[in-house]
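Here's a walk through one protein chain, from a single buried side chain out to the cores, a helix and a pocket. Have a look at the model first.

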Amino acid sequence: MIASLRLLAPRYAVRRVTDLSPALLRAWRIDALMLDLDNTLVAWAEAAAPAVVCAWVAELRQAGIRACIVSNNLSGRVRTVAAQLQLPAAEGRFKPSADKLRRALRILGSAPERTAMVGDQIFTDVLAGNRLGVPTILTEPLGPQEPMRIRMLRRIEHVLMALMARRGLVPRGLDV
């Protein structure tokens, strides 16, 4: 059971993706990011990244930290946001398959141990990253608007996060 829980446990956690400053990423020995789209970079169903995310991506770029979008969203929004942020987007099977993340690693040209998967869901983002063996960073969802299936999964996530916290498997300070 503990081994299964470890696959869902993030290595790090932050409130928002924009809390990942270049200095913090360097302290964690992370040189590249694989970024989820919905409720991590943009609110669910939004077609444009907020100004704060645009500024954050520019700050990463200036610091030499590479990034790539890895989303399960099939709409044209992925390409639209990727173009707006001037970031590549990895194609491939749905997370939690690690296939899309392997493609992102090739796009980024970075070592797995120095590349983090960042997202707001443990069943897709964290599980995919942990299956590939890359550092994982869990963010809080940007907003409450989500499809019903994800809202149902959030309830299960909450229970599992509390269980993982009791077993010392989640980073300190993560609100569960």
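Let's start with Leu160, which counts as buried because its relative accessibility is 18%; buried means under 20% relative accessible area, exposed over 50%, and partly exposed in between, with a 1.4 Å probe and protein chains only. Keep in mind that this is a predicted model, where local features need pLDDT of at least 70, side-chain atom pairs count only at pLDDT 80 or more, and totals for chains, interfaces and linings use all residues. Residues are numbered from 1 along each chain as its sequence is written, and side-chain values use heavy atoms, with hydrogens and water left out.

Leu160 sits in helix α7; helices (H or I, at least four residues) and strands (E, at least two) are DSSP runs, numbered from the N terminus. Setting aside neighbours within four places in sequence, Leu160 is in contact (heavy atoms within 4.5 Å) with Leu5, Leu8, Ile122 and Phe123.

**The cores**

In soluble globular proteins, nonpolar side chains tend to be buried together. A nonpolar core here is a set of buried Ala, Val, Leu, Ile, Met, Phe, Trp, Tyr and Cys residues joined through side-chain atoms within 4.5 Å. The largest one has 27 residues, and Leu33, Leu35, Leu41, Trp56 and Ile137 have the most contacts inside it. At least two residues of this core come from each of β1 (12-14), β2 (32-35), α3, β3, α4 and β4 (115-119). A second, separate core of 13 residues includes Ala9, Ile122, Leu138 and Val170. Back in the largest core, what does Leu35 touch beyond its neighbours within four places in sequence? Its contacts include Val17, Leu41, Trp56, Cys68 and Met117.

**Helix α4 and its surroundings**

Helix α4 (residues 77-85) has Arg77, Val78, Val81, Ala82 and Leu85 buried. They cover an arc of only 130° around the axis, so they lie on the same side of α4; the arc is that of the directions from the helix axis to the C-beta atoms. That buried set packs against α3 (51-62) and β3 (66-69), while the face turned away carries the exposed residues Arg79 and Ala83.

Ser71, in the loop between β3 and α4, counts as buried because its relative accessibility is 6%. Not counting residues up to four places away in sequence, Ser71 touches Asp36, Leu37, Val78, Lys95 and Lys100. Ser71 and Lys100 are 29 residues apart along the chain, with 8.6 Å between their C-alpha atoms. As for Lys95, its peptide bond to Pro96 is cis, with omega near 25°, and Pro96 belongs to the loop between α4 and α5 (99-108).

**Positive phi**

These residues have positive phi values:

| Residue | Phi | Place |
|---|---|---|
| Arg29 | about 60° | loop between α2 (22-27) and β2 |
| Ala45 | near 75° | loop between β2 and α3 |
| Gln86 | about 55° | just after α4 |

Arg29 is exposed, with a relative accessible area of 53%, whereas Ala45 is partly exposed at 47%.

**A pocket**

Which residues lie nearest the centre of the second largest pocket? They are Asn72, Gln121, Thr124, Arg149 and Ile150, out of 15 lining residues. That lining divides into four nonpolar, five polar and six charged residues, and α6 (122-132) and α7 (148-166) each supply at least two of its residues. A pocket is an open set of points on a 1 Å grid over the protein atoms alone, where a 1.4 Å probe fits, with protein on both sides within 12 Å along at least five of seven lines; lining residues have an atom within 4 Å of a point.

Conventions
Ala, Val, Leu, Ile, Met, Phe, Trp, Tyr, Cys and Pro count as nonpolar, Asp, Glu, Lys and Arg as charged, and the others, Gly among them, as polar.
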